[in-house]
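Reader: Could you take me on a close look at one part of this model, the place where two halves of a chain meet? I'd enjoy a connected account, with the surroundings added once that part is clear.

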Amino acid sequence: MTEKKELAVAALRNGTVIDHIPSSALFKAVRILGIEHLDKAVTIGNNLASGKLGKKGIIKVADVEFDEATLNRIAIIAPTAVVNVIREYSVVEKRPVRLPDTVVGIVKCANPKCITNNEPMRTVFHVVGNNPVVIRCHYCNHAVKGDDAQLQ
Amino acid sequence: MNKNSLVSIADLNKEELLALLEQASYFEKHPNSKILDGKVVATLFFEPSTRTRLSFETAVNRLGGRVIGFSDASTTSSSKGETLHDTIKMVSNYVDLIVMRHYLEGAARYASEVTDVPVVNAGDGANQHPSQTMLDLYSIYKTQGDLNNLTITMVGDLKYGRTVHSLLQAMSYFNPTFRFVACKELQMPEEYLKFCDENGIKYECTTDFSPEIINESDIIYMTRVQRERFTDIMEYERVKNLYTLHNAMLADSKPNLRILHPLPRVNEIAYDVDANPKAYYFDQARNGLYARQAIICRALGLTPDECKKA
Ligand SMILES: [Zn+2]
């Protein structure tokens, strides 16, 4: 059925494929996962045709399996993302990312009068909505849609 | 982090709200109870607010405690670039309680997380001001005898007015009916209407400050409509007098109706209302003292029994 999918997966022997990332969120997802600091083989594709999303992005990282909490952090900007864990060329695990209850130290608060923008400290956001994703600043209560979230 | 800190009215459940009202009522009868003998309270006002500071400091003094602090951040180390974190850590060495006001939103929450000393938020920017809400709640409780099943009309700036948002949340436990009266630009934000929906609270939004609305109300909570809130000055000129209360408008109002206003007022309540026994805004401010005495005792972990023994 999915020759394309098999091809995409076949490129990896071991590692992680994150698929179905909205194109507009791809590079934010790259940053949240800290992928620019990895020395492993990384393939990033964007604006690929997708039935569900119109256009999607995909990230493939060789020889790395991220822990679940790290992957779930991208759910605030890419709730549709699907994680595939690859071992010896086959998908051993496939699951959607899950929205966490709290997001620490990733998103920048959009309120310039928020204490987090004026003190050396980590931000904390509570996830208060899931369709669309809405997060609320733990400190100033300012709410923002996941799509509009700026990274710290 | 101290569990007795009070940063937002949403930190209090129904029982805690009622306990604070009970305690405020006790202090109204016994304002000079020497409960805080030997205690030192810091009032850290990173932004000046004479009204709120005097109220808190009077509350501490009447309870027999001592006050240290500052009334303006320009005279403190924060003007030399010290972080809030470091100021709070430093002050925590000296005092039993920190009362703080700050121009930045979320400052009190953050302060409460970096110290084991209890923190009471005396206002953080446009965010929270729980002692104002407690005095509003106490004023309603005192004038109506009961918080349950009241019709509360909020008038003026319902969009930016933090006092109305906090009061709405605090009243949500008591089966209120709300009337939100405001012009299009300043209506109650969607998230608070959603809050009402989720909590089964009856409400009506209207632009018309009509006789029917006034005559059905148990409480009319007036707020200031500020020119700087308008993107369109013509719109401000058009609406500014639509939400002004005059004495004649109260002719057929309920006998138990009381008019509240967080003060200072500008022109939203005409001076001819002041002499009406239904005008309650000056007494309301006095209730702030008792509400703050109750908040201070709770923050210090003093039980009502301990307060009564003193
Ligand atoms: Zn914030």
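Author: Happy to! Across the interface of domain 1 of chain B and domain 2 of chain B there is 1 salt bridge. Keep in mind throughout that this is a predicted model. The two partners in a salt bridge here are Glu28(B) and Lys142(B), whose side chains come together with N and O 2.8 Å apart. Besides salt bridges, polar contacts can be counted, and between domain 1 of chain B and domain 2 of chain B there are 5 residue pairs of that kind, both residues at pLDDT 80 or more.

Let me step back to the two domains themselves. The assignment for chain B builds domain 1 from two stretches, 9–128 and 289–309, while domain 2 covers 130–285. Their contact draws on 28 residues of domain 1 of chain B and 20 residues of domain 2 of chain B. Measuring from centre to centre over C-alpha atoms, domain 1 of chain B and domain 2 of chain B are 27 Å apart.

How much surface goes into this meeting? In general, the size of an interface is often given as the accessible area lost when the parts come together. For domain 1 of chain B and domain 2 of chain B that area is about 2,000 Å², with 64% of it on carbon and sulfur atoms. On the domain 1 side of chain B, the residues that lose the most area to domain 2 of chain B are Ile9(B), Lys14(B) and Leu21(B), which together account for 30% of what that side buries.

Chain A offers a companion case. Its domain 1 spans 11–96 and its domain 2 spans 102–151, with C-alpha centres 23 Å apart. Here 8 residues of domain 1 of chain A touch 11 residues of domain 2 of chain A. The pair buries about 790 Å², 71% of it on carbon and sulfur atoms. The salt bridge count between these domains of chain A is 0, and the polar contacts come to 2 residue pairs, both residues at pLDDT 80 or more.

Now for the chains together. Chain A brings 13 residues to the contact and chain B brings 14 residues. Between chain A and chain B about 1,200 Å² is buried, and carbon and sulfur atoms give 48% of that. The rule finds 10 residue pairs in polar contact across chain A and chain B, again with both at pLDDT 80 or more. There is also 1 salt bridge between chain A and chain B: Arg136(A) pairs with Glu191(B), their closest N and O atoms being 3.1 Å apart.

One last stop is the zinc ion. Its protein donors are the SG atoms of Cys109(A), Cys114(A), Cys137(A) and Cys140(A), at 2.3 to 2.4 Å. Along the sequence these donor residues follow the spacing C-x4-C-x22-C-x2-C. Two of the donors, Cys137(A) and Cys140(A), are buried. The arrangement around the zinc ion is tetrahedral because its 4 donor atoms subtend angles of 99 to 117°. For reference, the ideal angle for four tetrahedral donors is 109.5 degrees.

Key: Residues numbered from 1 in each chain as written. Chains lettered and ligands numbered in written order. Predicted model: local features only at pLDDT ≥ 70, side-chain atom pairs only at ≥ 80, totals over all residues. Heavy atoms only, no water. Donors = N, O, S within 2.8 Å, 3.2 Å for Na, K, Ca; no water. Tetrahedral: all angles 85-135°; square planar, octahedral: opposite > 155°, others 65-115°. Buried < 20%, exposed > 50% of the residue type's maximum accessible area, 1.4 Å probe, protein only. Domains from an automatic or database assignment. Contact = heavy atoms within 4.5 Å. Buried area = accessible area lost by both parts, 1.4 Å probe. Salt bridge = Lys/Arg side-chain N within 4 Å of Asp/Glu carboxyl O. Polar contact = N/O pair within 3.5 Å; in protein donor to acceptor, adjacent residues only side chain to side chain.
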